[in-house]
Amino acid sequence: MKVAVITGTSKGLGASIAKLLMEASYHVIGLARNENKALSEADLAGSYIHYKVDLADLHATEDIFAAIIEDLKEKPIDSLLLVQNAAMVTPVEQAGKQDSQKLIDHVHVNLLSPMIVTNLWLDAWRGHLPLVIANVTSGAANRSVYGWNAYGSTKAGLDRYTDTVAVEQRELGTGNKIFLFDPSIMDTEMQSEIRSADATQFVDVDKFKAYKTNNSLRNTDVVAKVLVDRLLDPDGIQNGEYYSVKDVFK
Ligand SMILES: NC(=O)c1ccc[n+]([C@@H]2O[C@H](COP(=O)([O-])OP(=O)(O)OC[C@H]3O[C@@H](n4cnc5c(N)ncnc54)[C@H](OP(=O)(O)O)[C@@H]3O)[C@@H](O)[C@H]2O)c1
């Protein structure tokens, strides 16, 4: 059977990735704090199971992944995908005005949970089957944007982490592939959160409001298809590569 574990499937890009993989007969295990009834009730070739978890809670995250792995080990799996998509953009605020707990949660969700999950995942499946891991990044990893000090830092950290794990897997000759996917700007709740900041928190807020009014934000199904097309052709995936939706839509 073909299995995909995807974080952040309650809405946005993660929900679209899950739907497209279910259409391609994947059994999807989705994780988020909120459920996704549309996916649970969808009549598609694949199936959907949801695990409710707050990825800011690292012990809960470890426990859920340990349970998922234990369950999957009982099954005859011939394709196993992990898509680490869940992230938060908040706090959108200049350094010096942030709540420490919000910063802690941000780093846990965007950076530490993918690191902890990748570590568990590689250990659990060593010698079983070649793995494919996609980590969803952002252009914010490569430029400094006023108000996005947390987001830019955690996405840059995720980029370096992914690249380093790719180097290790190559050197170890595991055949595992881990890569980055940059979805660029999409019409999701994350974008509404960005637009709700004021100019003292995020200087580019008017530019982002214009993206919405000018219809510049891509639909998540369109973006997800670019990633899913790659996931469905594992031989064509380059370990450690940085793929972008802009590889297809300039
Ligand atoms: N939207 C854009 O323009 C844009 C641009 C570049 C990169 N990206 C990246 O694309 C990915 C998807 O973004 P999106 O726009 O689809 O975001 P979104 O609409 O805000 O959805 C985020 C998903 O992550 C989950 N999530 C967030 N915090 C979580 C937590 N503490 N525990 C568990 N799940 C959590 C959410 O589920 P719950 O709230 O139910 O927990 C939701 O399913 C992210 O990695 C983002 O950084 C987005």
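## Close-up views of pockets, ligand and loops

**View 1. The largest pocket has a volume of about 1,000 Å³.** Of the 45 residues lining this pocket, Asn85, Ala87, Met88, Val89 and Met190 are the closest to its centre. Five helices give two or more residues each to the lining: α1, α4, α5, α6 and α7 (205–213). The biggest giver here is α6, with 5 residues. Sorted by class, the lining has 21 nonpolar, 13 polar and 11 charged residues. (A pocket is an open set of points on a 1 Å grid over the protein atoms alone, with protein on both sides within 12 Å along at least five of seven lines; lining residues have an atom within 4 Å of a point.)

Keep in mind that this is a predicted model: local features need pLDDT of at least 70, side-chain atom pairs need 80 or more, and totals for chains, interfaces and linings use all residues. Numbering starts from 1 along each chain as its sequence is written, and side-chain values use heavy atoms, without hydrogens or water.

**View 2. The ligand sits in the largest pocket.** (To sit there, more than half of its atoms must lie within 2 Å of the pocket's grid points.) Three helices give two or more residues to the shell around the ligand: α1 (12–23), α5 (149–172) and α6 (189–195). Which helix gives the most to this shell? That's α6, with 3 residues. In total, 30 residues surround the ligand, and Arg33, Asn85, Tyr151, Thr188 and Gln191 come nearest. (A residue counts if one of its heavy atoms lies within 4 Å.) Split by class, the shell holds 14 nonpolar, 11 polar and 5 charged residues. Asn85 turns up twice in these views: among the residues that come nearest to the ligand, and among those closest to the centre of the largest pocket.

**View 3. Gly8, Asn34 and Lys155 each have a polar atom by an oxygen atom of the ligand.** (Polar contacts here are pairs of N or O atoms within 3.5 Å.) For Gly8, a polar backbone atom is 3.1 Å from a ligand oxygen. With Asn34 the partner is a side-chain N or O atom, and the distance is 2.8 Å. Lys155 also uses its side chain, with a polar atom 2.9 Å from an oxygen of the ligand. How much of the ligand does the protein bury? Taken alone, the ligand exposes 890 Å², and the protein buries 96% of that. (Areas come from the Shrake-Rupley method with a 1.4 Å probe.)

**View 4. About 260 Å³ of space lies in the second largest pocket.** It has 16 lining residues, with Leu122, Arg126, Gln169, Thr174 and Asn176 lying nearest its centre. Both α4 and α5 supply at least two residues of this lining. Of the elements, α5 gives the most, with 5 residues. The class count for this pocket is 7 nonpolar, 6 polar and 3 charged residues.

**View 5. The largest cavity has a volume of about 80 Å³.** (In a cavity, a 1.4 Å probe fits but cannot get out.) How many cavities of 30 Å³ or more does the count come to? The count comes to 1. Around the largest cavity are 15 lining residues, and Thr7, Gln84, Ala86, Val109 and Pro114 lie nearest its centre. At least two lining residues come from α4 (100–124), and at least two from α5. With 5 residues, α4 gives the most. The lining is made up of 9 nonpolar, 5 polar and 1 charged residues.

**View 6. Thr90 and Pro91 are joined by a cis peptide bond.** Omega for this bond is about 0 degrees. Pro91 has its place in the loop between β4 (79–84) and α4. (Helices of at least four residues and strands of at least two are DSSP runs.)

**View 7. Ser25 has a positive phi, near 75 degrees.** Where is Ser25 found? Look in the loop between α1 and β2 (27–32). For background, most residues other than glycine have a negative phi, and most peptide bonds are trans.

Conventions: A polar contact is a pair of N or O atoms within 3.5 Å; within protein, one must be able to donate a hydrogen and the other to accept it, and residues adjacent in sequence count only if both atoms are side-chain atoms. Ala, Val, Leu, Ile, Met, Phe, Trp, Tyr, Cys and Pro count as nonpolar, Asp, Glu, Lys and Arg as charged, and the others, Gly among them, as polar. Grid points are joined across faces, edges and corners, and a volume is the space filled by probe spheres set on the points.
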